[in-house]
Amino acid sequence: MSIKNNRSRPAFVLVKIEMLRDKKYQRLSITAKMLWIYLRGQYNPYEPNINPATGEIQVNLSYKQMAKSKGFSPKAMSRAIKELISSGFIKKTEQGGMLKGMSAYSFTGKYAPFPKHNKSKTKRG
């Protein structure tokens, strides 16, 4: 087996250049930008989490997981979430909590749609 065929594909998050140039995006804090990218990275096109009430794609967010893996404090995360919501980049679709589990968010605005993808999990080669 060649090295080329043995490599796994690295994960990435698609951020359009148009979005990076958008004044509304540029005004976001660094924490809000990082959180938006993290949330986009939670989307799995092969097993999408669809909100049964709205039919929208949603992603779950655990404050504990973010604090542990990305170094966010709960206070900073809360501010970033509020900033993303007020700027129109996300909306809360399910309220979480200690007994309810994780909160869920869906993406809003012109950068909400996910790229089209091929649903088959075939190997490249």
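Okay, let's start with N60: its bridge partner in strand 3 is A104. Right beside that, V59 stands opposite Y105 in strand 3. And before I go on, keep in mind that this is a predicted model.

So those two pairs belong to the contact between strand 1 and strand 3, which run antiparallel and are joined by 3 bridges. Now look at the other partner. Strand 2 and strand 3 also pair in the antiparallel sense, this time over 4 bridges. One spot to click on there is K92, which stands opposite Y105 in strand 3. You'll remember Y105 from a moment ago, as V59 stands opposite it too.

Put that together and what do you get? An open sheet of 3 strands, in the order 1-3-2, with antiparallel pairing. Strand 1 and strand 2 are the edge strands, each pairing on one side only. From one strand to the next, the twist averages 45 degrees. For anyone who wants the reminder, strands of a sheet pair through backbone hydrogen bonds, either parallel or antiparallel.

Let's stay on strand 3 for a second. How many of its residues are buried? The count is 5 of 5, so to speak a strand that is mostly covered. As a general point, side chains in a regular strand alternate between the two faces of the sheet. Here both faces are covered: S103, Y105 and F107 are buried on one side, and A104 and S106 are buried on the other.

Next, the helices around the sheet. Helix 4 lies across strand 1, strand 2 and strand 3, and runs at about 125 degrees to strand 1. Helix 6 packs on the sheet as well, touching strand 1, strand 2 and strand 3, and its direction makes about 110 degrees with that of strand 2.

That brings us to the nonpolar core. The largest one has 24 residues, and those with the most contacts inside it are L35, L61, L84, F89, I90 and F107. Where do the core residues come from? Helix 4, strand 1, helix 6 and strand 3 each supply at least two of them. The largest share is from helix 4, with 5 residues.

If you want one residue to zoom in on, take L84. Setting aside neighbours within four places in sequence, L84 is in contact with L28, A32, L35, W36, F89 and I90. Among those, L35, F89 and I90 are also on the list of residues with the most contacts inside the core.

Just along the chain there's S87, in the loop between helix 6 and strand 2. Is S87 buried or exposed? It counts as buried, at 18% relative accessibility. A polar atom of the S87 side chain lies 2.9 Å from the backbone oxygen of E83. Leaving out neighbours within four places, S87 is in contact with K24 and L28. And L28 is one of the contacts of L84 too.

Last topic: charges. How many salt bridges are there? The count comes to 3. Begin with E18 and K110, where the closest N and O atoms are 3.7 Å apart. E18 sits in helix 2 and K110 in the segment after strand 3, so this pair ties together parts that are 92 residues apart in sequence. On accessibility, E18 is partly exposed at 46%, while K110 is exposed at 56%.

K110 also meets D22 in a salt bridge, at 3.9 Å from N to O. That pair again links distant parts of the chain, 88 residues apart, with D22 in the loop between helix 2 and helix 3. D22 is buried, with a relative accessible area of 16%.

The remaining pair is K91 with E56, at 3.1 Å, N to O. K91 lies in strand 2 and E56 in the loop between helix 4 and strand 1, so the bridge ties together parts that are 35 residues apart in sequence. Both ends are partly exposed, with K91 at 33% and E56 at 26%.

As for networks, salt bridges that share partners join E18, D22 and K110 into one. If you're scrolling along with me, K110 is the residue to centre on, as it bridges to E18 and to D22.

Methods: Residues numbered from 1 in each chain as written. Predicted model: local features only at pLDDT ≥ 70, side-chain atom pairs only at ≥ 80, totals over all residues. Heavy atoms only, no water. Salt bridge = Lys/Arg side-chain N within 4 Å of Asp/Glu carboxyl O. Buried < 20%, exposed > 50% of the residue type's maximum accessible area, 1.4 Å probe, protein only. Core = buried A, V, L, I, M, F, W, Y, C linked by side-chain atoms within 4.5 Å. Contact = heavy atoms within 4.5 Å. Pairing = 2+ DSSP bridges. Polar contact = N/O pair within 3.5 Å; in protein donor to acceptor, adjacent residues only side chain to side chain. Axes fitted to C-alpha atoms, helices over the stretch in contact; angles between N-to-C directions.
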